[in-house]
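Q: Please pick one buried charged residue in this model and look at it closely. Then work outward from it to the rest of the chain, explaining each term as it comes up.

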Amino acid sequence: MKLLKLFGIVFFCGLLSPSWGVLSGLSCAVSPVAMQKVLSDAVIQNGLLQKHLQGLVLPNIMGDGGLLNSPTSITGLHLVRVRLPKLSVALLPGIGVQLAIAARLDLSGNCLVGLLSELIDISVDVTITANIKCTNFELGAVQVIIDDCFCILGAVKIKLLSGLLSLSVNDIVLNQLTATLPGLLCPVIDIIVNLVNIQFLGTLNAVIPVGTVGTIHYQLASLPFTSGLFLGLDLDGAVQQVGGSIIPHDSSASALPPLLDRLLVLGLRQSFLNAILSLLIQVQPQTFTCTPEAFSGAKQLQDAVLTLFPSGCSICSVNSPLSIRIELFGKPLILLENNKATVKLSVMIQVFIKRLDGSILNLLLLKA
């Protein structure tokens, strides 16, 4: 499951290079729908947006000509809660990812109109749009930056405890919110974006133990890239045996099939899979005595082997049970075809007898 989490960064870093890399390991193409779900979970469902907007405090709002032509001031205006947040994602080919968050902000503060002081509640619909891209790739890490951020205000509702609200107060509030909210909300989005990047980047540069035989280390191989239909990622994978030796595998380009209506298309290169198989399939040589207790066809096997010996061979007499040694020969290979994968293992089979003096007589040696 951890391997799947690494795609979070892909969903997040929009990008830069319009071409596929020629790299070893793994490639994937991710749909905007999948990107939106992952980001919504991270930013909204996990409470990241609410947490970082919670301490939002707006500057005081001052104005003339309030109720009864008295000066108006609104102080202590702060965010009470975020309602109905919704996140959407759009791909920007050659630029990155456009992230848009729409929400209703409930604000509260103190309103002084002339000598009358009372509570004021403000509800405002906002849409924050940020263009995000990745840059400064180095050793599997990228820097996420917001290339542009703007905030659009929608409906604004103002409520005074007394119910006495003049048009001048409404205009003052709308003008001040339009002027101040973008400067307050965009830095918050920048913080959230970088926190999500750190969270997802931790799943991209990972070392996965494979039992006691070794590890698989994968990391981002290049900057993510966007087209008009998907966001793509290439990863480098290193397969390392216990003791430090790395199992080599060739780099080769791989073309992914069309995304169509799928959320994700994932491609593993055959050379990378072969390296993993070499790590996973490490069977020690097996030796056993060919007796009826070992397997029922022992007598038939011995008779079949004896028929292979030339007549008159003085050293070919078999007075002891046959012994069989089987060991892997060469590296395991995976063969990929349409809707089919076959693992090919080569073995060396040695048939011999152990003489009374301890010496070994090889009778048969074959590769299979």
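A: Asp106 counts as buried, because its relative accessibility is 9%. Buried stands for under 20% relative accessible area, exposed for over 50%, and partly exposed for what lies in between, with a 1.4 Å probe and protein chains only. The model is predicted, so local features need pLDDT of at least 70 and side-chain atom pairs count only at pLDDT 80 or more, while totals for chains, interfaces and linings use all residues. Residues are numbered from 1 along each chain as its sequence is written, and side-chain values use heavy atoms, with hydrogens and water left out.

Asp106 sits in strand 4, which covers residues 96-113. Strands and helices here are DSSP runs numbered from the N terminus: E with at least two residues for a strand, H or I with at least four for a helix. Apart from neighbours within four places in sequence, Asp106 touches His78, Leu79, Val80, Arg81, Arg83, Ile122 and Ser123. Such a contact means heavy atoms within 4.5 Å.

One of these contacts is also a salt bridge: Arg81 and Asp106 are paired, with 3.1 Å between the closest N and O atoms. Because Arg81 belongs to strand 3 (residues 72-92) and Asp106 to strand 4, this pair ties together parts 25 residues apart in sequence. A salt bridge is counted when a side-chain nitrogen of Lys or Arg is within 4 Å of a carboxyl oxygen of Asp or Glu. The two partners differ in cover: Arg81 is partly exposed, with a relative accessible area of 42%, whereas Asp106 is buried at 9%.

The structure holds five salt bridges. Another that involves strand 4 is formed by Arg104 with Asp125, where the closest N and O atoms are 2.7 Å apart. This pair links distant parts of the chain, Arg104 in strand 4 and Asp125 in strand 5 (residues 116-138), 21 residues apart. Both partners are partly exposed, Arg104 with a relative accessible area of 24% and Asp125 with 23%.

Elsewhere, Arg325 pairs with Glu327, and their closest N and O atoms are 3.5 Å apart. Arg325 is partly exposed at 27% relative accessibility, and Glu327 is partly exposed at 30%. Salt bridges that share partners also join Arg81, Arg83 and Asp106 into one network, which leads back to the starting residue.

Next come the cysteines. A search of the whole structure finds one disulfide, a term used for a pair of cysteine sulfur atoms within 2.5 Å. The disulfide joins Cys149 to Cys186, with an S to S distance of 2.1 Å. Cys149 is in strand 6 (residues 141-160) and Cys186 in helix 5 (residues 167-204), so the pair links distant parts of the chain, 37 residues apart. The torsion about the S-S bond of Cys149 and Cys186 is about -85°, which means the disulfide is left-handed. Cys149 is partly exposed at 22% relative accessible area, while Cys186 is buried at 13%. Two further cysteines are buried: Cys111 has a relative accessible area of 1%, and Cys134 has 0%.

Helix 7 (residues 298-306) offers another view of burial, with Ala298, Gln302 and Val305 as its buried residues. These residues lie on the same side of helix 7, because they cover an arc of only 65° around the axis. The arc is taken from the directions that run from the helix axis to the C-beta atoms. Strand 13 (286-290), strand 14 (322-328) and strand 18 (360-367) are among the elements that cover the buried residues of helix 7. On the face turned away from the buried side, helix 7 carries the exposed residues Lys299 and Gln300.

Some figures for the whole chain give the setting. The chain has seven helices and 18 strands. Of its 368 residues, 41% count as buried. Among contacts between residues at least 6 apart in sequence, 64% join residues at least 24 apart. The accessible surface of the chain is about 19,400 Å², and 59% of this belongs to carbon and sulfur atoms. Accessible areas come from the Shrake-Rupley method with a 1.4 Å probe, and for residues only the protein chains shown count as cover.
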